[in-house]
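Biologist: I am new to this structure and should like a close look at one part of it, namely any empty space enclosed inside. Please describe what surrounds such space, and then follow the neighbouring parts outwards.

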Amino acid sequence: MKIRLLTALLAASASFATSAAYADTTDVDTQSWVHVKKKGAHCKDDPNCMNRYHPAIKPVATAKPGQLILFETRDALDSDLDVNSQPKDLAAIDLNNVHPITGPVHIEGARRGDVLAVTLVDVEPDEYGYTTIVPGFGFLRDLFTQPYIANWELNRMEAVSKQLPRVAIPMNAFMGTVGTLPGEAEIDAWLERETKLGEAGGIALPPQPTNAIPADVCGPSGKHKDKCLRTIPPRENGGNMDVKQMVVGTTLLLPCYVDGCGLFVGDVHFAQGDGEVSGTAIEMGARVTVRTEIRKGMLSMIRGGPHFEGGSQLKKLEPDVFHATVGYPTKKAGEVPPYHKYLDSAKIAGLTNLSEDLMMAARNSLIDMLEWLQKNKGMTAQQAYVYTSVACDLRIANVVDVPNYTVSTICPLEHIRR
């Protein structure tokens with residue numbers, strides 16, 4: 001009896017094994033996904049891409065709160081750069097194409113007045129990224145006037161570049177640009193304040209229909225071409241914030257200005273230093289996964305700009321070994337820093353000490369660090385500028401010790417091989 005029972009069990013087991021021979025945990029689905037794919041070579045070829053902000057831009061997908069949303073994104077310049085690119089290739093870059101953004105995605109149940117909580121779940125990097133120095137752009141644009149590019153080979157562990165041969169930058173990826181669509185009231189208010197800034201001589205980027213996408217809304221013949229906002233400055237809706245601490249595991253709190261919020265993602269960075277001083281981080285295309293939650297009626301809690309929250313993941317960003325410099329708001333007599341020229345103040349030129357000026361403190365700290373890296377780590381000026389942009393942090397030390405507010409530049413040394 002026992003032998004017949006054992007034989008039957010073995011036969012049943014063999015039959016089950018045959019029927020389930022190809023089954024494993026890969027076949028088990030527990031998550032609900034929305035996939036916003038990248039299509040075509042550039043943003044202009046892609047119905048899921050935009051490079052301007054306006055509430056008339058239609059959603060390209062719809063997601064429910066709690067669903068995983070996978071965004072396929074492009075590099076910040078929407079470029080044709082590759083591992084063999086040279087500084088001369090930067091001349092072909094059209095800044096009217098900045099930034100190509102995937103979206104917007106309509107979040108079901110979200111209404112104006114809500115807050116959209118966006119948790120970064122994963123970033124899968126492309127295999128190539130770049131850091132550039134573009135003439136006229138960057139924190140030290142008056143000192144670095146020639147084009148330069150570092151081409152990076154990427155994986156989930158580190159980035160390496162032939163242009164910085166002794167450097168390996170660990171992956172601490174985040175969304176450089178992420179936000180929600182503004183409403184009509186926000187468009188009008190932000191355009192008014194930016195127009196006044198431009199009229200006063202400050203740097204302001206008015207609407208530019210050339211190469212604007214979607215063309216039917218923002219292009220030269222678009223219905224709202226004079227009100228589509230550029231993506232370069234961040235605003236209360238988020239956008240190009242470039243906050244390196246918004247890594248996997250953190251949750252970003254964004255205002256919902258239109259029903260459905262209009263969530264967008266782009267300009268992903270493999271790694272960046274606080275300040276992004278050269279004007280770029282390690283820029284790349286990527287596959288970004290997020291999950292959303294609606295916090296009803298909470299817009300009044302984040303009026304000044306987005307908030308974000310998280311836990312111990314920020315500890316990973318701190319250096320193991322570092323060198324740091326300290327800067328104060330001092331300068332040479334006769335010098336008018338580029339950040340102050342629009343004020344057209346005769347007082348500034350003759351001073352050698354500015355009062356409560358974090359920009360000058362940061363500038364001096366950074367310049368000291370560039371000199372230190374050249375003298376002690378054998379870097380060229382361009383290599384040092386790139387390294388500080390992707391790895392070193394500008395940190396505010398104090399904003400009370402008048403007149404000399406203090407900024408430190410903290411550079412990790414473990415990323416530089418001997």
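Modeller: The lining of the largest cavity consists of Val118, Leu120, Met175, Met246, Thr250, Thr251 and Leu252. The model is a predicted one: local features need pLDDT of at least 70 and side-chain atom pairs pLDDT 80 or more, while totals for chains, interfaces and linings use all residues. Numbering starts from 1 along each chain as its sequence is written, and side-chain values use heavy atoms, without hydrogens or water.

A cavity is a set of points on a 1 Å grid over the protein atoms alone where a 1.4 Å probe fits but cannot get out; lining residues have an atom within 4 Å of a point. The structure holds one cavity of 30 Å³ or more, and the space in the largest cavity comes to about 30 Å³ (the volume filled by probe spheres set on points joined across faces, edges and corners). Two strands, β6 (115–125) and β13, each supply at least two residues of its lining (strands are DSSP runs of E, at least two residues; helices are runs of H or I, at least four; both are numbered from the N terminus). By residue class, this lining holds five nonpolar and two polar residues, with no charged ones. Here Ala, Val, Leu, Ile, Met, Phe, Trp, Tyr, Cys and Pro are nonpolar, Asp, Glu, Lys and Arg charged, and the others, Gly among them, polar.

Strand β13 leads to a further detail. The loop between β12 (238–239) and β13 (251–255) contains Asp242. Asp242 has a positive phi of about 55°, although it is not a glycine. Most residues other than glycine have a negative phi. Asp242 has a relative accessible area of 15% and therefore counts as buried (under 20%; exposed is over 50%, partly exposed in between; 1.4 Å probe, protein chains only). A positive phi also occurs at Glu276, another residue that is not a glycine, with a value of about 45°. Glu276 is placed in the loop between β14 and β15 (283–284), and with 11% relative accessibility Glu276 is buried.

Strand β14 brings us to the open spaces, or pockets. A pocket is an open set of points with protein on both sides within 12 Å along at least five of seven lines. The largest pocket contains about 1,700 Å³ of space. It is lined by 48 residues, and Phe137, Gly138, Arg141, Ile232 and Pro234 are the closest to its centre. Two or more lining residues come from each of α2 (184–199), β14 (263–269), α5 (358–377) and β19 (393–398). The lining of the largest pocket is made up of 25 nonpolar, 13 polar and ten charged residues.

The second largest pocket holds about 310 Å³. Its lining has 19 residues, with Ile57, Lys58, Pro214, Asp216 and Val217 nearest the centre. β2 (49–50), β5 (101–107) and α3 (215–218) are the elements that give two or more residues to it, and α3 gives the most, with three. Of the residues in this lining, twelve are nonpolar, three polar and four charged. Within strand β5 lies Pro104, and the peptide bond from Gly103 to Pro104 is cis, with omega near 0°. The loop between β4 (68–73) and β5 holds Asn96, which is buried at a relative accessible area of 18%. Beyond its neighbours within four places in sequence, Asn96 is in contact (heavy atoms within 4.5 Å) with Asn51, Arg52, Gln208, Thr210, Asn211 and Arg230.

Two contributors to the largest pocket, α5 and β19, lead to a sheet. This open sheet has three strands in the order β18-β20-β19, with antiparallel pairing (at least two DSSP bridges between strands). β18 (322–327) and β19 are the edge strands, each with a single partner, so each has one side without a neighbour in the sheet. Six bridges join β18 to β20 (residues 406–412), and His323 stands opposite Cys411 in β20. Helix α5 packs on the sheet and touches β18, β19 and β20. In the loop between β19 and β20 is Pro403, joined to Val402 by a cis peptide bond with omega about 0°.

Finally, helix α6 (residues 381–391) is mostly covered, since nine of its eleven residues are buried. Among them are Tyr385, Val386 and Tyr387. The buried residues of α6 pack against β7 (128–133), β8 (148–154), β10 (164–170), α5, β19 and β20.

Definitions and conventions. Axes fitted to C-alpha atoms, helices over the stretch in contact; angles between N-to-C directions.
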